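Here is a short tour of a structure for a reader who has not met it before. Take a look at the chains, then follow the text through the spaces inside and the contacts between the parts.

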Amino acid sequence: MNDMTPIRSGRPAQGEDGPLNVSRRGFLGGAAALVLSVTLPVGRARAQTAGAVTPGTRIDAFLEIRPDSTVLFRSAFMEGGQGVFTAMAQIVGEELDVDPANFVVESAPPGPDYLLLGGGRFTGGSMSVRSSYETMRRLGASARQMLLQAASEQLSAPAAELSTEPGRVTHAASGRHLAYGELAQAAAGLPVPENVTLRSNDTFRWIGKPVPRLDVRDKSTGRAQYAIDLRVDGMLHAAVQHSPRLGGEPEALANEAEVQAMPGVHSIHTLPGAVAVVADSWWRARRAVETLQVTWTDPAPDTPRAMPADFSSETRRETLKSTEGDGIAFEQEGDVAEAFAGAARVVEATYDAPYLVHGQLEPPSAIARWNDDGTLELWIPNQAPEMFQADAAKLAGIEPEKVIIHSPMLGGFFGRHFLYQTANPYPQAIQLSRAVGRPVKLIWSREEEFLRDAVRPLGVARLRAGLDAEGLPVALEAVAIGEGPSGRWFGRAADQADSSAVEGMAGKVYAIANRRVAQLPVDDPAIIGFWRSVGHSMNDFFYETFFDEVADAGQQDPYELRHRLLAESPRHRALLETVAELSGGWKRGPFTAGDGTTRARGVAMASPFGSEVATIAEVSLQDGEVAVHDVWVAIDPGSIVNPAVIEAQVNSAVALGLSSALLEEVVYVDGIPQARNFDGYPILRPDQMPRVHVRIVESGAPMGGIGEPGVPGVPPAVVNAASVLTGQRIRSLPLAKIELKGAEG
Amino acid sequence: MELTINGSTHQIDVEPDTPLLWVLRDELGMTGTKYGCGVAQCGACTVLIDGQATRSCVTTVDSIVGMTVTTIEAIEQDSEGQKVVEAWVANQVPQCGYCQSGQVMAATALLKQTPQPTDEDIAAAMVNLCRCGTYNAISAAVRQAARA
Ligand code: FES
Ligand code: FES
């Protein structure tokens, strides 16, 4: 056994010297087929410090026009199925005048040019397109202007007489053309224009159109490569076994000699909170590491984030429910106390939603290679390369510039690939590679992934509404009890609520004169993370389901009450009407469907990530379980880039939202999550997928997000419909754990 | 051990109970077949063995000696496979794409056995998980491939 010592600065272990068979495409030099002969513009100084760069302005950081006039584009944002690479090609291509189909898009390396999110870089929050839309258009337009200028010189024609058509500059008067690839070199030497004119929206060819996604054929033929598929020369494979309870350390290995003698085993290692085997194939490494009989210590008293031995999700839920207090206000309007005092009737309910894993289908992996020049190279799934780079540098004891990060295509996103301590394999890969003096590829088995994923927090909310004599809500108070992931990872001031704990109860649009939304913080012992739509993933369920309770208490139809309370919000009212019309007109049920089943519908609204969403679900009860037949979604992201991608993302969001409503729950017992694979943690199956009907509304409001907004409306719409059939309110998810009785069939 | 994969014969030197999935991925470098769960739950590892859709993560290599294995790498050499791929592209099925090798293999096996599948046939055959929820697009693509 090699006892691991922390990695310090100094000479790295000898790396394997061979070339990568991971292709170093384009700007890294290497694989011949994609090497650029021309970079646009090469004249710009590269050796600038971070402070001197305005992100999103240096054209050569993003764009390379190749001799065949195709474009290599480096995206600041990671592709994980949300279609952002295609969106970038559409936006830049529109202004540059290159068909998006002629783009090759890849993840940009770490660097100051890509810090497009307020000086930082992060793929998430459904922010990618809306945050960079203007900047990327300008980038494309600037490059086009430089190509025109270069053409003007080569053709000896005034720039004013020149125009572009996709991929080339045209001089109509003389009938001459120059392909972009012929102009790139000359254009490269020109200054980047100070001002550019952007195309007017009514001339868009690609923005706003259902442009085919760039990666679909590769993903349909197995050619797309994810981190888990990569290989570097001379690498060894590693597998780990973690302490079942977070914070425990390996104390003794009972059968080390036996495991060392297993086929293909190179070495056995102890790591912080884990043991590892390095072998000549992953299967051998895995089999060996799982054969190791490990005694784990109890966490030392000062171990940060150690999981208590008596922790369970059940006690966590009860603790939150019984925690008293009004919490820290996040949103306040009117005089809530007075409104409740004067209310004709008060409705109260407590809701909860469970811990969830991300369940992205690609298990986490990391390849680490120490190079002879002292650099450390990492191939890792991630949604924030600069943050991973800084963390890896700290772990390795080297300067961040010496850490080279490659960010492959992600086999599922959902918020899994953030810098969660203890939830990423790269620190282990760095240590193992250092120890064995060779590149190491570490894969976490699904079982290890479910053990160490950063979970969506368990949440509880206390809701209270005051109704007037007519049954209309005049006061609403919502207190989210627990901890949010933003506070966990970015900090929360002691006297401030964490927006990620309240979003989805805060920010609602109904005209209820007196409102208070607060967080009652109670630290979560689990490692919590961002899960697609974050706080909205549960808070819109709490709020919108409670809304139906309020409607019922006041003897109002839930659709009509929403409609009424949106009288002053034309954008939202129109969206609600749109989803009703899309579903063939609002009807709550119960009613008998064409196939003889008894069905009901539920409605919900949500305002997540700058977009507005209205959702209707139609359900029936089959053998005590909820079957969802149809989901109608009207989504208003303000303006759009690709309607086909939006429709796909809404389908995906419906599936995930429904999966969480029906099935998903991480159960902790004795500090350990019980389910270690999909058999114990079922996710939505094909036969559970409803038909999904999408209507996109472009209201012209500022552009909102797309990746997450479809999720939050689904659980409340489904539960509201189910409650019509059961006659009981359902205040806890998932539905699978509840025995539902009611109008069957 | 000798395995026939995509029409070629490979000499494999591994423990006989090694899952086919890891022979494909680590020994032969054929990484189009994916690892998702390792316990026959997700279907990301689906390959064809003698034409049958099979989960390679729980198929030991010693159990398939003498049989023919087809993986996603050879999908376009197969006439049904070709139709399936074209339908996948036309319907823009993949999102993250990670499950899609397995989905395409499952669809190909279905069409080989049942060229004109009913919706029930499709539901019975297309049982692989997709965390991105591409299920509706998958069914549409299978129907289109059957018509092609
Ligand atoms: S990896 Fe084989 S079924 Fe999941
Ligand atoms: S496309 Fe992502 S898992 Fe199916």
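The model is predicted. It holds 5 cavities of 30 Å³ or more. Two of these spaces, and one pocket, are described below.

## Spaces inside

The largest cavity has a volume of about 140 Å³. Its lining counts 14 residues. Nearest its centre lie A:Leu246, A:Leu451, A:Arg452, A:Ile527 and A:Tyr668. Helix 12 of chain A, residues 446-452, gives the largest share of this lining, with 3 residues. By class, the lining of the largest cavity has 10 nonpolar, 2 polar and 2 charged residues.

Why does the largest cavity lie between domain 1 and domain 3 of chain A? Both domains give residues to its lining, so the cavity sits between them.

The second largest cavity has a volume of about 100 Å³. It is lined by 16 residues, and the closest to its centre are A:Gly459, A:Ile481, A:Glu483, A:Ala501 and A:Met538. Four elements of chain A each give two or more residues to this lining: strand 19 (459-467), strand 20 (473-482), helix 14 (499-502) and helix 15 (536-553). Its residues divide into 9 nonpolar, 6 polar and 1 charged.

Next comes an open space. The second largest pocket holds about 1,100 Å³. Its lining takes in 37 residues. A:Pro686, A:Asp687, A:Gln688, A:Met689 and A:Pro690 lie nearest its centre. Which elements supply at least two residues each to the lining of this pocket? They are strand 25 (625-636) of chain A, and helix 4 (119-125) and helix 5 (135-147) of chain B. So both chains have a part in the pocket wall, as the definition of a lining residue is met on each side. The lining of the second largest pocket has 19 nonpolar, 9 polar and 9 charged residues.

## Domains of chain A

Chain A is assigned three domains. Domain 1 is built from 5-11, 228-300 and 364-443. Domain 2 runs over 26-220. Domain 3 joins 323-355 with 456-737.

The C-alpha centres of domain 1 and domain 2 of chain A are 37 Å apart. Their contact takes 14 residues from domain 1 and 16 residues from domain 2. On the domain 1 side, A:Glu386, A:Met409 and A:Phe413 supply 42% of the area buried against domain 2, more than any other three residues. A:Glu386 has a further part here: its side chain meets that of A:Arg121 in a salt bridge (3.0 Å, N to O). How many salt bridges are there between domain 1 and domain 2 of chain A? The count is 1.

## Domains of chain B

Chain B is assigned two domains: domain 1 (2-74) and domain 2 (75-147). Their C-alpha centres lie 20 Å apart. Domain 1 of chain B brings 19 residues to the contact, and domain 2 of chain B brings 17 residues. B:Leu48, B:Ile72 and B:Ala74 lose the most area on the domain 1 side, together 35% of what that side buries. Between these two domains the rule finds 0 salt bridges.

## Where the chains meet

The contact between the chains takes 46 residues from chain B and 61 residues from chain A. In chain B, the residues that lose the most area to chain A are B:Gln95, B:Tyr98 and B:Arg131. Together they make up 20% of what that side buries. The rule finds 7 salt bridges across this interface. In a salt bridge between the chains, the side chain of B:Glu76 meets that of A:Arg223 (3.1 Å, N to O).

The table sets out the buried areas of these contacts.

| Parts in contact | Buried area | Share on carbon and sulfur atoms |
|---|---|---|
| Domain 1 and domain 2 of chain A | about 1,200 Å² | 66% |
| Domain 1 and domain 2 of chain B | about 1,400 Å² | 58% |
| Chain B and chain A | about 4,200 Å² | 53% |

Technical notes
Residues numbered from 1 in each chain as written. Chains lettered and ligands numbered in written order. Predicted model: local features only at pLDDT ≥ 70, side-chain atom pairs only at ≥ 80, totals over all residues. Heavy atoms only, no water. 1 Å grid on protein atoms, 1.4 Å probe; cavity = no way out; pocket = protein on both sides within 12 Å on 5 of 7 lines; lining within 4 Å. Points joined across faces, edges and corners; volume = space filled by probe spheres on them. Nonpolar A, V, L, I, M, F, W, Y, C, P; charged D, E, K, R; others polar. Domains from an automatic or database assignment. Contact = heavy atoms within 4.5 Å. Buried area = accessible area lost by both parts, 1.4 Å probe. Salt bridge = Lys/Arg side-chain N within 4 Å of Asp/Glu carboxyl O.
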